[in-house]
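Let's walk through this one together, going from helix packing to a metal site and then to a few single residues. Keep the viewer open as you read.

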Amino acid sequence: METDFINAKKLIEQARKILLSMHERMDGDDGGSLLAFTHFLESQDKQVTAVIKYGVPEALKFLPGSGKIQDSVPQPNNYDLLITFGCSNKERSGLDEIVSLDIPSINIDHHPDNTFFGKVNLVDKTKSSVAELVYDFFNFCQWPITQDIAACLLTGIITDTGSFMHANTQSSTLMAAADLMHKGARTNKITRHTFKNKKPQVLKAWARAMENSRFDPSSRIISAAITEEDLLDLGELPKSAFEGFVETLNTMPEARFALFIRQDGAVIKGSLRSDTHKDVDVSKIARLFGGGGHKLAAGFSLNGKISRKLSGELQIS
Ligand SMILES: [Mn+2]
């Protein structure tokens, strides 16, 4: 990794106009990491453009610098370096302008299915989060971590570890978090915005999904679903309404893993979670449906419809 860090640092020092992007639909980890870079690069008088498909979700607008993020690439031919966060491949950005961009790139990720598409690849699947990897990189480069950068990176660590509850939390993760707090980031502010932000209609939607859940004792799978009818019934919900739901399903000790599927237009979105001691690789299951992810947290989307049979049983067609 040290050589990769040196090479990444060189590329950044040489570049003047830098484009930052991540996978579509901003999350706390890759979004926080991207903003940490934005703050540092701007302090170095680089020209920085930050683009994320679908922009910034409500819950992450508290992140310093989030107002700078755009949802499309303003001048596709005007950059000399691309840095991506949490993209296994360029397509994950969801932005054609980035997929077709032919300039040097730094690929920063911790997904095990990363394709190493960058000129330099900072990819470490053992890291709790991209933010922890970025924290290591900043320290390696001896770049200053300001209070704003600390807040962005700690948000990445907290969201990807489920507030330090998931198995990816290591002693290095906690040491990084402690140092980021020491530099001015606040865990309670971050959890307030990212975990303790449920609106009444979201809690109702969780109740419906919970009601639809069932545990199969023979396979020891807990699953839940939200159909189109449920969504019509529940009324308008924010895009992030079910974020964290599958983790809650996965708190059942008897279950080997949790599966949550929900209708999203013509697409069925699936998420899977497990725990280390349960010895299941849910990314293998996600891959069966064309998705991917980590051993303990994975997802997929496929075309289809979830419907409820007269018996109340759910089926996919
Ligand atoms: Mn991540």
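Start with α2 and helix α5 (residues 147-160), whose axes come within 7 Å and cross at roughly 165°. Keep in mind that this is a predicted model. Angles over 145 degrees count as roughly antiparallel, so α2 and α5 are roughly antiparallel to each other. As for handedness, the crossing of α2 and α5 is left-handed. On the α2 side, the contact is made by G28, D29, G32, S33, L35, A36, H39 and F40. Facing them from α5 are D148, I149, C152, L153, T155, G156, T159 and D160. Sort the residues of this α2 and α5 contact by type and you get 6 nonpolar, 7 polar and 3 charged.

Now stay with α5 and look at its packing with another helix, α6 (residues 171-182). Here the axes are 9 Å apart and the angle is about 150°. That makes α5 roughly antiparallel to α6. The crossing of α5 and α6 is left-handed. The contributors from α5 are A150, L153, L154 and I157, while α6 brings T173, A176, A177, L180 and M181. What does the contact of α5 with α6 divide into, by residue type? There are 8 nonpolar residues, 1 polar and no charged.

One residue of α5 is worth a click: I149, which sits in that helix. With a relative accessible area of 2%, I149 is buried, the cut-off being under 20%. Not counting residues up to four places away in sequence, I149 touches A36, H39, F40, F138 and P144. A36, H39 and F40 are also among the α2 residues in the contact with α5. You can also find K183 at 9.0 Å from I149, C-alpha to C-alpha, although the two are 34 residues apart in sequence.

Next, the metal. Which residues are the protein donors of the manganese ion? They are D29 (OD), H110 (NE2) and D160 (OD), lying 2.1 to 2.3 Å from the ion. Along the chain, these donors follow the spacing D-x80-H-x49-D. D29 lies in helix α2 (residues 28-43) and H110 in the loop between β4 (105-109) and β5 (120-123), so the pair ties together parts that are 81 residues apart in sequence. Both D29 and H110 are buried. You have met two of the donors already, since D29 of α2 and D160 of α5 also take part in the contact between those helices.

From that loop, step back to strand β4, where S105 lies. S105 is buried, with a relative accessible area of 4%. Leaving aside neighbours within four places in sequence, S105 is in contact with L11, L81, L82, F117, G118, K119 and V120.

Finally, a bit of backbone geometry. Most residues other than glycine have a negative phi. D45 has a positive one, near 60°. You'll find D45 in the loop between α2 and β2 (47-51). Is D45 buried or exposed? At 71% relative accessibility, D45 counts as exposed. R220 is another non-glycine residue with a positive phi, near 55°. R220 has its place in the loop between β6 (214-216) and β7 (221-226), and at 40% relative accessibility it counts as partly exposed.

Definitions and conventions:
Residues numbered from 1 in each chain as written. Predicted model: local features only at pLDDT ≥ 70, side-chain atom pairs only at ≥ 80, totals over all residues. Heavy atoms only, no water. Donors = N, O, S within 2.8 Å, 3.2 Å for Na, K, Ca; no water. Helix = DSSP H or I, 4+ residues; strand = E, 2+ residues; numbered from the N terminus. Buried < 20%, exposed > 50% of the residue type's maximum accessible area, 1.4 Å probe, protein only. Axes fitted to C-alpha atoms, helices over the stretch in contact; angles between N-to-C directions. Parallel < 35°, antiparallel > 145°, perpendicular 65-115°, else oblique. Left-handed = near helix turned anticlockwise from the far one by under 90°. Contact = heavy atoms within 4.5 Å. Nonpolar A, V, L, I, M, F, W, Y, C, P; charged D, E, K, R; others polar.
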